[in-house]
Amino acid sequence: MSQAVLQQILEQLQTLKPSELRQLNVAVQSYLAGKEAAAKRAAFHQSLVVSGLVRQIKLPTSKRKTLQHLIQVQGEPISQKIVEERR
């Protein structure tokens, strides 16, 4: 961030009401907490790679899992059929 932008933000702070300052404080703290958590996670992942415990860190996919619904089976239970077939 350039020094001019930072100076402009600091000047605008003077115009905010106390309730707005509190909201801004909450937003900044939340932002910083997220950044700290991300930095800690990245350092942990890097230490795993450096130590040789893992070769690659895979990021979780953003695909949503579909809901699976139970189905009703008529007759004997499926588990019983599997046991009988394995005999």
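Here are a few numbered notes on this structure, which is a predicted model.

1. Start with the overall fold. The secondary structure adds up to 3 helices and 0 strands, and reading along the sequence gives the pattern α-α-α. The protein's radius of gyration is 27 Å, well over the 12 Å that the globule rule gives for 87 residues, so it is more spread out than a compact globule.

2. The outline of the model goes with that. Taken along the principal axes, the C-alpha atoms fill a box of roughly 80 × 40 × 15 Å.

3. What about burial? Of the 87 residues, 1% count as buried. The protein exposes about 8900 Å², and carbon and sulfur atoms supply 57% of that area.

4. On charge, there are 13 positive and 6 negative side chains. The centres of these two sets lie 5 Å apart.

5. Have a look at the nonpolar patch on the surface. Leu16, Leu21, Leu24, Val28, Tyr31 and Leu32 make it, and the patch covers about 480 Å². One of its members, Leu16, sits in the loop between helix H1 (3-13) and helix H2 (18-51). Is Leu16 exposed or only partly exposed? Its relative accessibility is 30%, so Leu16 counts as partly exposed.

6. Now move on to the loop between H2 and H3, where you'll find Gln56. Gln56 has a relative accessible area of 56%, and because the cut-off for exposed is over 50%, Gln56 counts as exposed. How far is Gln56 from Ala37 in space? Their C-alpha atoms are separated by 20 Å, with the two positions 19 residues apart along the chain as the sequence separation.

7. His69 belongs to the loop between H2 and helix H3 (78-86) as well. With a relative accessibility of 67%, His69 counts as exposed. If you pair His69 with Ala38, the two are 31 residues apart in sequence and 36 Å apart in space, going from C-alpha to C-alpha.

8. To pull the picture together: this is a model with 3 helices and 0 strands, more spread out than a compact globule, in which 1% of the residues count as buried. For a quick tour, try Leu16 in the loop between H1 and H2, then Gln56 and His69 in the loop between H2 and H3.

Note on methods
Residues are numbered from 1 along each chain as its sequence is written. This is a predicted model: local features need pLDDT of at least 70, side-chain atom pairs count only at pLDDT 80 or more; totals for chains, interfaces and linings use all residues. Side-chain values use heavy atoms; hydrogens and water are left out. Patches are made of residues with over 30% relative accessible area and no salt bridge: like charges are joined within 9 Å, nonpolar side chains (Val, Leu, Ile, Met, Phe, Trp, Tyr) within 5 Å. Accessible areas come from the Shrake-Rupley method with a 1.4 Å probe; for residues, only the protein chains shown count as cover. A salt bridge is a side-chain nitrogen of Lys or Arg within 4 Å of a carboxyl oxygen of Asp or Glu. Helices (H or I, at least four residues) and strands (E, at least two) are DSSP runs, numbered from the N terminus. Buried means under 20% relative accessible area, exposed over 50%, partly exposed in between (1.4 Å probe, protein chains only). The radius of gyration is taken over C-alpha atoms; the globule rule is 2.2 Å times the number of residues to the power 0.38. Lys and Arg count as positive and Asp and Glu as negative; His and the chain ends are not counted. The place of a charge is taken as NZ of Lys, CZ of Arg, CG of Asp or CD of Glu.
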